Amino acid sequence: MNHTITVLGLESSCDDTAAALVRVGPRGAEILSSVVHGQTDLHAAFGGVVPEIAARAHAEKLDICVEQALTLAKLSLAEIDAIAVTAGPGLIGGVLSGVMCAKGISAGTGKPLIGVNHLAGHALTPRLTDQLTFPYLMLLVSGGHCQFLVVRGTEDFTRLGGTIDDAPGEAFDKTARLLGLAQPGGPSVENEALTGDAKRFAFPRPLLDRPGCDMSFSGLKTALLRTRDQVIEEKGGLTRQDRADLSAGFQAAVCDVLAEKTRRAIAEYLDETPSQPALAVAGGVAANKAIRARLETICTETGVGFTAPPLHLCTDNAAMIAYAGAERFLAGHTDDMTLVARPRWPLDKRSPALLGSGKKGAKA
């Protein structure tokens, strides 16, 4: 490209309200500002995200986030070129809040509107941070999703495999609840595992006995529940060390599953003989240091480059949405006021749905 564009991005698919300004030009992309308002305190008493509470919080915070992002970037709405917004998948109330806010800004300014798939935002983040060239292998691993994707273009994704039930982030959150740890569960379990013995309890490694790259984490969560209950029955409760050992064992099992499935996905990806083979990992669970280290080791062993965005760009943010919107905009794609909020929106539209379909379309 031979010109520069500035895109305002909005993200509200789960429990983070975010706005960001990203500038894309001949020399790459630059994040001018990125504002994220979390909702952890709002949902703490419920042990998880409450969709209605999340939607109301998004509606209250979106305009504030936009104003703060513009102020930090020292820009006005008149100086942006387009508005990108997460249009799905996600909690429908939150997605709808973002889409309506973006429509209002678009209508008021006359700037183009661009609907972005939240998963595409994660999948294209390595291009924002590391200028990764197509095709690359992406492991998208988060609270709601887990899949291996070959990313061939801005809107060209092929899924090699994914979770057939719980996503790893969801399993981490449920494990934290079972062990009485704080939410969000991922960081809590990871921190607890630091002092634990991963070999004390024998947890299963689901689907490793089957070919392919599909994964399952529901049974692992159930195994942890039964093991916890057995320890409580034997000892009358859980000690701090029990919690640490359970956390370490659970995390080790997730690492082993992701590691083996990543090896298989890399083998399939390398069959395409990419000129610059690379594995990128994104999503909230990608912030887990143990998982990152394991994946990086596999890439070294297989001769594949490893890319992981900075931790603040692994979790939900609007910079990735602004960048993905910029790529769509530069490819000539825009939306109008008929843009709808979608609770489901698979990236790979050719592969069969992993989790089944309903009236609203494929779940993943």
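**Exercise 1.** Asp156 has 28% relative accessibility; decide whether Asp156 is buried, partly exposed or exposed, then do the same for its salt-bridge partner in this predicted model.

*Solution.*
- Start with the cut-offs: buried is under 20% relative accessible area, exposed is over 50%, and partly exposed lies in between.
- At 28%, Asp156 therefore goes down as partly exposed.
- Now for the partner: the side chain of Asp156 meets that of Arg350 in a salt bridge, with 3.5 Å from N to O.
- On the chain, this pair links distant parts: Asp156 sits in strand β8 (residues 156-162), while Arg350 is in the loop between α11 (319-330) and β11 (357-358), 194 residues apart.
- Arg350 comes in at 61% relative accessibility, so Arg350 is exposed.

**Exercise 2.** Find the salt-bridge partner of Asp245 and work out how the two ends of the pair are covered.

*Solution.*
- The partner is Arg200, and the closest N and O atoms are 2.8 Å apart.
- Again the bridge spans distant parts of the chain: Asp245 belongs to helix α8 (residues 240-270), and Arg200 to the loop between α6 (185-193) and α7 (218-235), 45 residues away.
- With a relative accessibility of 4%, Asp245 counts as buried.
- Arg200 has a relative accessible area of 34%, so Arg200 is partly exposed.

**Exercise 3.** Stay with helix α8 and describe the salt bridge made by Asp256, then name the residues of the salt-bridge network.

*Solution.*
- Asp256 bridges to Arg294, and the closest N and O atoms lie 2.9 Å from each other.
- This pair ties helix α8, home of Asp256, to helix α9 (residues 289-302), where Arg294 sits, and the two residues are 38 apart in sequence.
- Asp256 is partly exposed at 22% relative accessibility, and Arg294 is partly exposed too, at 34%.
- As for the network, shared partners join Asp166, Glu170, Lys174 and Lys221 through their salt bridges.
- The whole model has a count of 18 salt bridges.

**Exercise 4.** Lys261 is also in helix α8; is Lys261 buried or exposed, and which side chain of opposite charge is nearest?

*Solution.*
- Lys261 turns out to be buried.
- The nearest side chain of opposite charge is Asp209, at 7.1 Å.
- A salt bridge needs the nitrogen within 4 Å of a carboxyl oxygen, and Lys261 has no salt bridge.
- So what does Lys261 touch? Leaving out residues up to four places away in sequence, the contacts are Phe148, Leu207, Leu208, Arg210, Gly212, Cys213, Asp214 and Met215.

**Exercise 5.** Trace how strand β2 (residues 16-25) pairs with β1 and β3, and say how covered β2 is.

*Solution.*
- Take β1 (residues 5-11): this strand runs antiparallel to β2, and the two pair over 7 bridges.
- To pin down the register, note that Val7 has Val22 in β2 as its bridge partner.
- The link is a hairpin, with 4 residues between β1 and β2.
- Next comes β3 (residues 28-38), which pairs with β2 in the antiparallel sense as well, over 10 bridges.
- Here Gly25 stands opposite Gly28 in β3, and the hairpin joining β2 to β3 passes through 2 residues.
- Finally, the cover: 9 of the 10 residues of β2 are buried, so call the strand mostly covered.

Definitions and conventions: Residues numbered from 1 in each chain as written. Predicted model: local features only at pLDDT ≥ 70, side-chain atom pairs only at ≥ 80, totals over all residues. Heavy atoms only, no water. Buried < 20%, exposed > 50% of the residue type's maximum accessible area, 1.4 Å probe, protein only. Pairing = 2+ DSSP bridges. Lys, Arg positive; Asp, Glu negative; His and termini not counted. Contact = heavy atoms within 4.5 Å.
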